[in-house]
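Subject: Handing over the structure

Hi there,

I am passing this structure on to you, and I hope you enjoy looking through it. Have the viewer open as you read, and take your time.

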Amino acid sequence: MNLMSILTIGWYTLQPLLWVIVVAVALLVLVQLLARVRGYYFLAPAKIVSVVMSFMVGLWAMVIVPILTDSSFTMVATGFDWFALTLVGLGVGAYCWLIVHPMIYLFRPSLP
Amino acid sequence: MSSKKLKTGASHAALTRRDLLKVGLGGAAVSMTGMTPAWSRDSNARGHIVIVGAGAGGLALANRLARRLPMAEVSLVDSKPQHWYQPGLTMVASGVWRADEVISDNQRWVPSGINWIQARVTRFEAEDRRLQLDSGDTLNYDYLVVATGLQVNYEDVEGFSADMIGQHGIGCVYDTPDHAAKTNQVIADWIDSGGGTGLFIGAPGAVKCAGAPLKMTFTTLSRLEDTGHRDQYDVHFASAGDRVFAVDFYNDFVLQRWQEQGVERHDHHPLRGIDASARRAWFDTPDGERSMDYDFIHIVPPMSAPDVVRESDLVWTDGPFAGNWLEVDQYTMQHRRYPEVFGLGDVIGAPINKTAASVKAQAPVVEENLVAVMNDREPTAEHNGYTSCPLITGIGKAMLAEFGYGNVLLPSFPFIDPKDESWAVWIMKDRMLKPAYYAMLDGRV
Ligand SMILES: Cc1cc2nc3c(=O)[nH]c(=O)nc-3n(C[C@H](O)[C@H](O)[C@H](O)COP(=O)(O)OP(=O)(O)OC[C@H]3O[C@@H](n4cnc5c(N)ncnc54)[C@H](O)[C@@H]3O)c2cc1C
């Protein structure tokens, strides 16, 4: 398969999810920009609540994604299934952290 | 017969920017080296190519040729305005997808620069390189690609016709979105009735996606198990022979799993007919005629090349495909008696094949060999019989069966074990194969 094939398949796969991707990116950019205005920076001390919350959301994604794909958690069986599902959990968890972490700065009453 | 000649020109006007770029870059390369590269010579091949059938195969090839042969005239003949993503029909009949999820506008896939003739071929006149169309027109060709798919011979099952699907407990996933949606409904009605007998019929011979009858059995079993009252339903599977799948591993796997799931099997039970109102099926068994009563039946009728192909000179005249399928060399896809004719997709008489996955593998072979013949070269590209079936073993899991001639396994992904049931393979079926199929229609895979 050449690059053009991969891009074409990728495009058709993502098409139905385009609006989700656009909303997710817009939310990320908005929260990051607003928080930075209030003094947030990427490596700002991680608040334990943002880490715990992202971890929980990542785990929740690992349970919910099989259901969203017309399947169920019990059908996740092979090593590759677990690898793929773990990637989903990590991806969703990381995204959640990039939103929650700056939000904490955004809503805290005073700057550090 | 009309002698009116159809005008087939005007197809060169709409060269895409990519085509022009390709020709331009090619020209620059040629002028720099002073040599004529093979692909450039190939691209200059001329002649009128007619592709009959704008389904999976016809569209994939039309898109490839539109890019590969800017100087040739390509006509695509098909009257069907809609394109159906047929591998999604099992998902529709299992209640996982809506019927409209498999329907798109055919126009969307027809490349610019191709002359789409919205008619059906009523006669192939191979000796004269001529086609008769239902519009009354005549179409001459220099090269012909037959990609008409196959025809489902509903009436070969006594007492059955396509309009019965969705009534009297009759389902049939073949081969329209409407049939698939009605099949889902009768299965749901049967499940809602709280019990009874479900009878699933195996492939009576060469059919498209030979795994579909098994998938319908597996997904229905999932739905029955989900009721929590599986024991109130009897499930039977009747095969024409003593196998349910060509490859030993999958055959044994399915039989073993069904034994565990309480499916009662009946080997050597080719379906002869049904009495729809009595909900009774008849089989011609080696021990004579046998009947079985059912509340729900999933019928798989015999299939063949469309009559217009069967009644033409292009059909196999001897061997196992005689009178039923298009004669081609199973490797080069070239007709064995008419070298300017190629076959693509379900219509061909060759072992296994008859899946969109096979079309994906065949289209580049037909493209290469057609271009070779147009350039007076021997066709050397070979199809290895590749076919693939994400064998759904329950709603939410599947196995990726990929194999070729001789039933040799041909796995594409080193990280997916073809012998394991997997959620990832289900996702492929549920979310990724349609995009891959559409990329194939675009001629990109
Ligand atoms: C229920 C079901 C499940 C399937 N599951 C899978 C799967 O999981 N994986 C997989 O790879 N494949 C699957 N397939 C098979 C796959 O869809 C077919 O193999 C594929 O569509 C074949 O492509 P084709 O071009 O040969 O035929 P088609 O796509 O059927 O197209 C044939 C075209 O020819 C046209 N035509 C016919 N006669 C004429 C005429 N006389 N003149 C002009 N035009 C004509 C028709 O209108 C049609 O548009 C499944 C099929 C079904 C029905």
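Below is a short tour of what was found.

Please keep in mind from the start that this is a predicted model.

**Where the two chains meet**

A good place to begin is the contact between the chains. There, 26 residues of chain B touch 22 residues of chain A. Between them the two chains bury about 1900 Å², with 66% of that area on carbon and sulfur atoms. Three residues stand out here: Trp423(B), Pro435(B) and Arg444(B) provide 35% of the area that chain B buries against chain A, more than any other three residues.

How many salt bridges are there between chain B and chain A? The count is 1. That salt bridge joins the side chains of Arg431(B) and Asp70(A), at 3.6 Å from N to O. There are also 9 residue pairs in polar contact between chain B and chain A, both residues being at pLDDT 80 or more. If you want to find the chain B side quickly, look for helix α10 (residues 423–441), which gives the most to it, with 11 residues. Sorted by class, the side of chain B that touches chain A holds 15 nonpolar, 2 polar and 9 charged residues.

**Around the ligand**

Next, turn to the ligand. It has 34 residues around it, and those that come nearest are Gly57(B), Asp78(B), Asp346(B), Ala356(B) and Ala357(B). Some of the distances to backbone atoms may help you find your way. A polar backbone atom of Gly57(B) is 2.8 Å from an oxygen atom of the ligand. For Ala56(B), a polar backbone atom is 3.1 Å from a ligand oxygen. For Thr355(B), a backbone N or O atom is 3.4 Å from an oxygen atom of the ligand.

**Salt bridges**

Over all chains, the structure holds 26 salt bridges. Here is some general background: side chains of opposite charge can pair when their charged atoms come close.

Asp78(B), which you have just met beside the ligand, is one partner in such a pair. It forms a salt bridge with Arg120(B), and the closest N and O atoms are 3.9 Å apart. The two partners sit 42 residues apart, Asp78(B) in the loop between β2 (73–77) and β3 (82–84) of chain B, and Arg120(B) in the loop between β5 (115–117) and β6 (121–125) of chain B. Are these partners buried or exposed? Asp78(B) counts as buried because its relative accessibility is 11%, under the 20% limit. Arg120(B) is partly exposed, with a relative accessible area of 48%.

Another pair is Arg123(B) and Glu125(B), whose side chains meet at 3.0 Å, N to O. Here Arg123(B) is partly exposed at 45% relative accessibility, whereas Glu125(B) is buried at 8%.

The side chains of Glu289(B) and Arg272(B) also form a salt bridge, at 2.8 Å from N to O. This pair links strand β17 (residues 288–293), which holds Glu289(B), to strand β15 (residues 271–275), which holds Arg272(B), 17 residues apart in chain B. Both partners are partly exposed, Glu289(B) at 49% relative accessibility and Arg272(B) at 28%.

Finally, Arg64(B), Arg68(B), Glu367(B) and Glu368(B) are linked in a network of salt bridges.

**A buried residue in a strand**

Ile51(B) is worth a look too. This residue is part of strand β1 (residues 48–52) of chain B, and it is buried, with a relative accessible area of 0%. Among the residues that Ile51(B) touches are Leu61(B), Leu65(B), Val74(B), Leu76(B) and Val145(B).

**Backbone details**

Most residues other than glycine have a negative phi, and most peptide bonds are trans. The peptide bond from Tyr174(B) to Asp175(B) is cis, with omega near -15°. Asp175(B) is in the loop between β11 (170–171) and α5 (177–192) of chain B.

Arg129(B) is not a glycine, yet it has a positive phi of about 50°. It lies in the loop between β6 and β7 (130–133) of chain B. His168(B), also not a glycine, has a positive phi of about 50°, and it lies in the loop between β10 (151–152) and β11 of chain B.

Happy exploring, and write back with any questions.

Best wishes

Definitions and conventions. Residues are numbered from 1 along each chain as its sequence is written. Chains are lettered from A and ligands numbered from 1 in the order in which they are written. This is a predicted model: local features need pLDDT of at least 70, side-chain atom pairs count only at pLDDT 80 or more; totals for chains, interfaces and linings use all residues. Side-chain values use heavy atoms; hydrogens and water are left out. Helices (H or I, at least four residues) and strands (E, at least two) are DSSP runs, numbered from the N terminus. Buried means under 20% relative accessible area, exposed over 50%, partly exposed in between (1.4 Å probe, protein chains only). Contact means heavy atoms within 4.5 Å. Buried area is the accessible area (1.4 Å probe) that two parts lose on being put together, summed over both. A salt bridge is a side-chain nitrogen of Lys or Arg within 4 Å of a carboxyl oxygen of Asp or Glu. A polar contact is a pair of N or O atoms within 3.5 Å; within protein, one must be able to donate a hydrogen and the other to accept it, and residues adjacent in sequence count only if both atoms are side-chain atoms. Ala, Val, Leu, Ile, Met, Phe, Trp, Tyr, Cys and Pro count as nonpolar, Asp, Glu, Lys and Arg as charged, and the others, Gly among them, as polar. A residue is near a molecule or strand if one of its heavy atoms lies within 4 Å of it. Lists of a residue's contacts leave out its neighbours within four places in sequence.
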